[in-house]
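User: I am new to this structure. Please take one part of it and walk me through it closely.

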Amino acid sequence: MKRIGTHLHSKNSQVLGLLTIVGVFIMTFCSYTSPAFYFDTSPDNNAFFTVGKAMMHGIVPYKDIFEQKGPYVYFLHGLAYLVSNRSFLLIFVYEIATLVAAMFLVYKLGQLLRVSQLGALLIALLSPLLFLYHPYYDYGDTVEFFTLPLLISLIYLLVLLDQRGLTVSHWWFFAQGAIVGVVFLSKYTLLGAWIVFYLGLVGVLLAKRQWRQLGRVVGWSAGGFLLTTVPWLIYFLVTGGLSAFINVYILFNTKVYLTSSVAAFSNLVQSMTVVSQFFQNNVLFFLLGVVGTLLVTFQRDVFQHNFTRGLYLLTILGCDLFALYGYQAGAVYQYYELIYFAGFVLPFVYLGKLFFARVQLPNENEDTFVILATLLISLFLVLGVNNNVTNSKIFPNNASITEKATAKPQQPAQLVFGHMMRAAHAPLTMLNYGSIDMGFYTASGAVPSTYFFQNYNISQASAPQILQSQVNLIKQGQVEWVVLNTPAGKTVKQWQGGGGRISSGNLNPGTAKLAKPLNENYREVAQHTQMFEGVSVTYWLYRLR
């Protein structure tokens, strides 16, 4: 008990406690998974939740239900379903933990660079500005956001290796190996930093013939990697889903889902173009990402050795290039680029170190005011770069909830339709037609009963079987409920679509040709209009006749 008490009163524990309070407050108003929001309308988040829920009902991802993210994403959301079957409560808690972990690593990185304890804390308190920058952090609950503290831990390890002559505890390599396994089975395009790191480290150890150290690095890293990947191998072997996993997660993603079909070198050049445009479009990004990276790379009080200096630079570059490898400029969703912000952390900490070296900070007994002032500034900056709060319950009847002009409290279409489906006491089978998951599986509690439970951000010509299977389902009346959308002002019969694929506002590729079989087998039950990503969208609920 005495050791526990001592630990709780340690400086690290006190800092972690403060950062946790800050994290809870900030995420309450920045993440759509928060109870302060009516409903998380993010298509991706709801798709993850739907597949996770299906997993908890014995449905095997890739084999029995189609989606392209890695199994860890669905497992996490399956746990969230078990905690709260129609909300993202557990994901909200996990987002808080992610932000707190990122802030705490910033604090520890500051200490590693010999910033004063108070200075390191102040830098950590200001760091949420980097992690919640809208629209790169949009709804929240993305693999990119969850990967940020993992990538910061790699940056921390690089600085540590520099200071300790490449000799650190083997547990560092075990942890990084485990992280590689988790990221690989979540979204493997985010592995660029680790690929470069391990190639560089193993290469220098081979060149120096340091066989014992090489064995430690490879052995412990492999151990961590196997720990986080073998259970999934066993799962897919037992369920007969291994070939489907390979076909969907590996082959489909690389052959169909990427927007570019040019050669490998050309893809790399395209990726470099996208990264360059990102840094040039914002002064802050250019200062931290380009000027700041060059500054920390060549300053002797950050990296003392040329090898670790070069490895850091290549690791950050590898992360940025690989994250968008195969994507064309103009076809990139901005939340993909959130991973770039991990590369801002070390320059941010170093610039903070330079600032606090020239500013006299108060002693430990007089630091309360400085901490509170910095905290207020941090909150001010976060709300300046993330305006999600305007769609929360603090602003009732906002446009993301309803476009009806009324003072009576309203709810979004997802909650309205979900309640109607449950109250009908009919079979809770439904189809989300033509769009990425609009949230109605989550709100209603329905478990998907079809392989293609939603549509995807690819052209209809690339995978015609997806929409065709949904049309067949409607023609045969195989589900009780159908939910679809149209632009506000357009009926289901009038909506011609936007060029054979999903368009802005998550609008389906068109419903005009579907109208006849839909109305033959189903009747309209309700409609609801609200804003989604700047587009006024009408949602339609149909029930089997």
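Which residue is the bridge partner of V483 in β4? Start there, and work outwards through the sheet around it.

Analyst: The bridge partner of V483 in β4 is L541. This is a predicted model, so every value here is computed from predicted atoms.

The pairing of V483 and L541 belongs to a longer run. Strand β2 covers residues 481–487, and strand β4 covers residues 535–544. They pair in the antiparallel sense. Seven bridges join them. Another of the paired positions is W481, which stands opposite R543 in β4.

Strands of a sheet pair through backbone hydrogen bonds, either parallel or antiparallel. Both senses occur here, because the pairing in this sheet is mixed. β2 and β4 run antiparallel, while β1 and β2 run parallel.

Look at that β1 side next. Three bridges join β1 to β2. One contact to find is M430, whose bridge partner in β2 is W481. So W481 has a partner in β1, M430, and also stands opposite R543 in β4.

Now step back to the whole sheet. It is open and has four strands. Their order is β1-β2-β4-β3. The edges are β1 (430–432) and β3 (522–532), and each of these pairs on one side only. On average, neighbouring strands are turned by 25° against each other, direction ignored.

A helix belongs in this picture too. Helix α20 spans residues 464–475. It lies across β1, β2 and β3. Its direction makes an angle of about 145° to β1.

How enclosed is β2? Seven of its seven residues are buried, so the strand is largely enclosed by the rest of the structure. Buried here means under 20% relative accessible area.

Just before β2 comes a charged residue to check. E480 lies in the loop between α20 and β2. The side chains of E480 and R543 meet in a salt bridge, at 3.1 Å from N to O. R543 is in strand β4, so the pair ties together parts that are 63 residues apart in sequence. Both E480 and R543 are buried. R543 thus has two roles to trace on screen: it stands opposite W481, and its side chain meets that of E480.

Side chains of opposite charge can pair when their charged atoms come close. The structure holds four salt bridges. Another one joins the side chains of D301 and K353, at 3.8 Å from N to O. D301 lies in the loop between α14 (283–298) and α15 (306–323), and K353 is in helix α16, so this pair links parts 52 residues apart in sequence. D301 is partly exposed, with a relative accessible area of 27%. K353 is buried, at 16%.

K63 and D64 form a salt bridge as well, with their closest N and O atoms 3.5 Å apart. K63 is partly exposed at 37% relative accessibility. D64 is partly exposed too, at 31%.

For a sense of distance, go from V483 to N363. They are 120 residues apart in sequence and 61 Å apart in space, C-alpha to C-alpha. N363 lies in the loop between α16 (345–358) and α17 (368–385). At 43% relative accessibility, N363 counts as partly exposed.

Key:
Residues numbered from 1 in each chain as written. Predicted model: local features only at pLDDT ≥ 70, side-chain atom pairs only at ≥ 80, totals over all residues. Heavy atoms only, no water. Axes fitted to C-alpha atoms, helices over the stretch in contact; angles between N-to-C directions. Contact = heavy atoms within 4.5 Å. Buried < 20%, exposed > 50% of the residue type's maximum accessible area, 1.4 Å probe, protein only.
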